[in-house]
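User: I would like to go through this model label by label, with each computed value set against the definition behind it. Please start with the open spaces and then move on to the ligand and single residues.

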Amino acid sequence: MARVANKVALITGGASGLGKATAELLAAEGAKVVVADRNLDGARKVAEAIGRNAIAVNLDVTNEQQWIAALDVTETAFGKLNVMVHSAGVGVLKNIEDISVEEWHFVHNVNLHGPFLGIKHGLPRMKKHAPGSIIIISSVSGIIAGHNMSAYNTSKAGARMLAKTTALHCAKRKYDIRCNSVHPTFIDTPMVQSMIYAGGDPADRRAKLEAQVPLGRLGEPIDVANCILYLASDESKFVTGTEFVLDGGITAQ
Ligand SMILES: NC(=O)c1ccc[n+]([C@@H]2O[C@H](COP(=O)([O-])OP(=O)(O)OC[C@H]3O[C@@H](n4cnc5c(N)ncnc54)[C@H](O)[C@@H]3O)[C@@H](O)[C@H]2O)c1
């Protein structure tokens, strides 16, 4: 039996990296998936490769009207929404003195305001077809800080709390909708590749990232997608308001 059979999942940031791996895995396990991204061409490529159980939608997660339209398209195409995965995210590697006000707002808009808009407008629709599951990809940076990750740290810490308050809201009202956050460290996606190729010898830069991880390697997108599959499925029906840390041991130190 497929692990998310008969479920409809919308994945933001589905054109790349963790969102793409999640869309592919949920579809392979029986879900119908909506690959949502501001990069529509990329989302279309992912959806076409999956086949008839996937569609692509244009969604800038900071845009409230685009959220409403994407949710409408989801219900029109597949009749309901059961799972939302918030993977769209951006990073600006700047400390608290150097970051501009525009950069600060940009990071918070995508990483925190985006999931807020999705939950605000998605929850009323998910309630009609419970059980449901919301998964926010935060980061290990939502738990531990870095000197040059000011807005990324605070936006991801906010996303962690957004998951918890959503979980408690839904539990109190007996919606049977769960909400959890996922906290990866460096995973080998285009986001981390852009850090590796930002200057200097890429092999050295990769080795420096790997050296920060007790397991001694970067994670793979499937490592995160497997955790999200569990949270999306009814196997995790007693799991809500918690955080899954996928960090190769970093926070154990
Ligand atoms: N890769 C890692 O090491 C890592 C670690 C911890 C957390 N994360 C988080 O995981 C999530 C996915 O990261 P990734 O590594 O797959 O990155 P990625 O850059 O490969 O993919 C991010 C996707 O989000 C989309 N996106 C960005 N802004 C958007 C917006 N406003 N609206 C809609 N789509 C938007 C991009 O077009 C892209 O397709 C992010 O939230 C990131 O912060 C990543």
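User: What volume does the second largest pocket have, and what makes a set of points a pocket?

Analyst: In this predicted model, local features need pLDDT of at least 70 and side-chain atom pairs count only at pLDDT 80 or more, whereas totals for chains, interfaces and linings use all residues. Residues are numbered from 1 along each chain as its sequence is written, and side-chain values use heavy atoms, with hydrogens and water left out. The second largest pocket has a volume of about 150 Å³, that is, the space filled by probe spheres set on grid points joined across faces, edges and corners. A pocket is an open set of points on a 1 Å grid over the protein atoms alone, with protein on both sides within 12 Å along at least five of seven lines, and lining residues have an atom within 4 Å of a point. Among the residues that line this second largest pocket are Thr185, Ile187, Arg217, Asp223, Leu246 and Asp247.

User: How is the lining of the second largest pocket divided into nonpolar, polar and charged residues?

Analyst: The division is 5 nonpolar, 3 polar and 3 charged. Ile187, Val213, Leu215, Leu218 and Leu246 belong to the nonpolar class (Ala, Val, Leu, Ile, Met, Phe, Trp, Tyr, Cys and Pro), Arg217, Asp223 and Asp247 to the charged one (Asp, Glu, Lys and Arg), and Thr185, Gly219 and Gly248 to the polar remainder.

User: How many cavities of 30 Å³ or more does the structure hold, and what sets a cavity apart?

Analyst: There is 1 cavity of 30 Å³ or more, and the largest cavity has a volume of about 40 Å³. In a cavity a 1.4 Å probe fits but cannot get out. Its lining includes Thr12, Val61, His86, Asn111, Ile137 and Lys156. Two elements, α4 (101-127) and β5 (132-137), each give two or more residues to this lining, and the largest share, 4 residues, comes from α4. By class, the lining holds 6 nonpolar, 5 polar and 1 charged residue. Helices (H or I, at least four residues) and strands (E, at least two) are DSSP runs, numbered from the N terminus.

User: Which residues come nearest to the ligand?

Analyst: Of the 29 residues around the ligand, Ser16, Asp37, Tyr152, Ile187 and Thr189 come nearest; a residue is counted when one of its heavy atoms lies within 4 Å. The shell divides into 15 nonpolar, 10 polar and 4 charged residues. Helices α1 (17-28), α5 (150-172) and α6 (190-196) each supply at least two residues, with the largest share, 3 residues, coming from α6.

User: How do you know that Leu18, Leu59 and Val61 make polar contacts with the ligand?

Analyst: A polar backbone atom of Leu18 is 2.8 Å from an oxygen atom of the ligand, one of Leu59 is 3.4 Å from a ligand nitrogen, and a backbone N or O atom of Val61 lies 2.9 Å from a ligand nitrogen. A polar contact is a pair of N or O atoms within 3.5 Å, so these three pairs qualify. Taken alone, the ligand exposes 830 Å², of which the protein buries 93%, with areas from the Shrake-Rupley method and a 1.4 Å probe.

User: Why is Ser133 called buried, and His105 partly exposed?

Analyst: Buried means under 20% relative accessible area, exposed over 50%, and partly exposed in between. Ser133, in strand β5, has 0% and is therefore buried, while His105, in helix α4, has 47% and so counts as partly exposed. A polar atom of the Ser133 side chain also lies 2.7 Å from the backbone oxygen of Leu231.

User: What makes Asn6, Lys174 and the peptide bond from Ala130 to Pro131 worth listing?

Analyst: Most residues other than glycine have a negative phi, and most peptide bonds are trans. Asn6, in the segment before β1 (8-12), has a positive phi near 70°, and Lys174, in the loop between α5 and β6 (177-184), has a positive phi near 55°. Asn6 is exposed because its relative accessible area is 61%, and Lys174 likewise counts as exposed at 74%. The bond from Ala130 to Pro131 is cis, with omega near 5°, and Pro131 sits in the loop between α4 and β5.

Note on methods: A polar contact is a pair of N or O atoms within 3.5 Å; within protein, one must be able to donate a hydrogen and the other to accept it, and residues adjacent in sequence count only if both atoms are side-chain atoms. Buried means under 20% relative accessible area, exposed over 50%, partly exposed in between (1.4 Å probe, protein chains only).
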